[in-house]
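Subject: Structure handover

Hello,

Here is the structure for your work. My notes on what was found in it follow below.

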Amino acid sequence: MKVDELLQGGEVLDLAGGVRAVATPGHTPGHISLYLEKDQTLIAGDAVTAEDGQVRGPSVIATPDMPEALRSIAKLAELDIQTLVAYHGGVVQGNVQSQFRRLVQA
């Protein structure tokens, strides 16, 4: 499949009621997460992990720029998130936004 548009963060795609690209570098320099505004769902990729239904920080061994990754988490904490999809750990529902805020404070 040919890539026809590079997303940098801030773009809103006309899909599923609006999908916002959020730049979340740290795990990799060009990492993005996708926020489905209508459903308040965040597809975080590797920006964070999840374990036992709880939001966790990024993998320390797989994140070369942890300070940048933590800045990305702070950006995600500003979103109204009801459901998180993390590449490592799966789906988290319920008090997701408050869990992100706890990560920022820690």
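I begin with one aromatic side chain. Setting aside residues up to four places away in sequence, F100 touches L42, V48, V55, I73, L76, A77, I81 and L84. Please keep in mind throughout that this is a predicted model.

Core

The largest nonpolar core has 18 residues, and the members that touch the most others are L42, L84 and F100. Four elements each give two or more residues to this core: strand β4 (41-45), helix α1 (66-76), strand β7 (83-86) and helix α2 (96-105).

Sheet

The strands form an open sheet with mixed pairing, and its 6 members come in the order β1-β2-β3-β4-β7-β8. At the edges are β1 (12-13) and β8 (90-93); each has a single partner strand, so one side of each has no neighbour in the sheet.

Going across from the β1 edge, the pairings that I have looked at are these:

- β1 with β2: the two strands run antiparallel and are joined by 2 bridges. L13 stands opposite V19 in β2. The hairpin of β1 and β2 has 5 residues between the strands, and A16 in this hairpin takes a positive phi near 50°.
- β2 with β3: residues 19-23 and residues 32-36 run antiparallel, with 5 bridges between the two strands. V19 is opposite L36 in β3, R20 has Y35 as its bridge partner there, and A21 is opposite L34.
- β3 with β4: this pairing is also antiparallel, over 3 bridges. L36 stands opposite T41 in β4, and L34 stands opposite I43. The two strands make a hairpin with 4 residues between them, where Q40 in the turn has a positive phi of about 55°.
- β4 with β7: these strands run parallel and are joined by 4 bridges. The bridge partner of I43 in β7 is V85.

Some residues can be followed across more than one strand. V19 of β2 faces L13 on one pairing and L36 on another, and L36 in turn faces T41 in β4. A second path goes from A21 to L34 in β3, from L34 to I43 in β4, and from I43 to V85 in β7.

Helices

What do the axes of α1 and α2 do relative to each other? They come within 9 Å and cross at roughly 145°, and the crossing is left-handed. On the α1 side the contact is made by I73, A74 and L76, and on the α2 side by F100, L103 and V104. By class, the residues of this contact are 6 nonpolar, no polar and no charged. Two of the α1 residues named here, I73 and L76, are also among the residues that F100 touches.

Two single residues

Is Q97 buried or exposed? Q97 lies in helix α2. Its relative accessibility is 15%, and the limit for buried is under 20%, so Q97 counts as buried. Apart from its neighbours within four places in sequence, Q97 is in contact with A77, E78, L79, D80 and I81. Of these, A77 and I81 are also touched by F100.

G9 belongs to the segment before β1. With a relative accessibility of 31%, G9 counts as partly exposed, because that class covers values between 20% and 50%. Beyond its neighbours within four places in sequence, G9 is in contact with A21, V22 and A23. A21 is the residue that stands opposite L34 in β3. As for a longer separation, G9 and M66 are 57 residues apart in sequence and 19 Å apart in space, C-alpha to C-alpha.

A note on methods will come separately.

Regards

Terms used: Residues are numbered from 1 along each chain as its sequence is written. This is a predicted model: local features need pLDDT of at least 70, side-chain atom pairs count only at pLDDT 80 or more; totals for chains, interfaces and linings use all residues. Side-chain values use heavy atoms; hydrogens and water are left out. A nonpolar core is a set of buried Ala, Val, Leu, Ile, Met, Phe, Trp, Tyr and Cys residues joined through side-chain atoms within 4.5 Å. Buried means under 20% relative accessible area, exposed over 50%, partly exposed in between (1.4 Å probe, protein chains only). Contact means heavy atoms within 4.5 Å. Two strands pair if DSSP finds at least two bridges between them. Axes are lines fitted to C-alpha atoms, for helices over the stretch in contact, and angles run from 0 to 180 degrees between N-to-C directions. A crossing is left-handed if the near helix is turned anticlockwise from the far one by less than a right angle, and right-handed if clockwise. Ala, Val, Leu, Ile, Met, Phe, Trp, Tyr, Cys and Pro count as nonpolar, Asp, Glu, Lys and Arg as charged, and the others, Gly among them, as polar.
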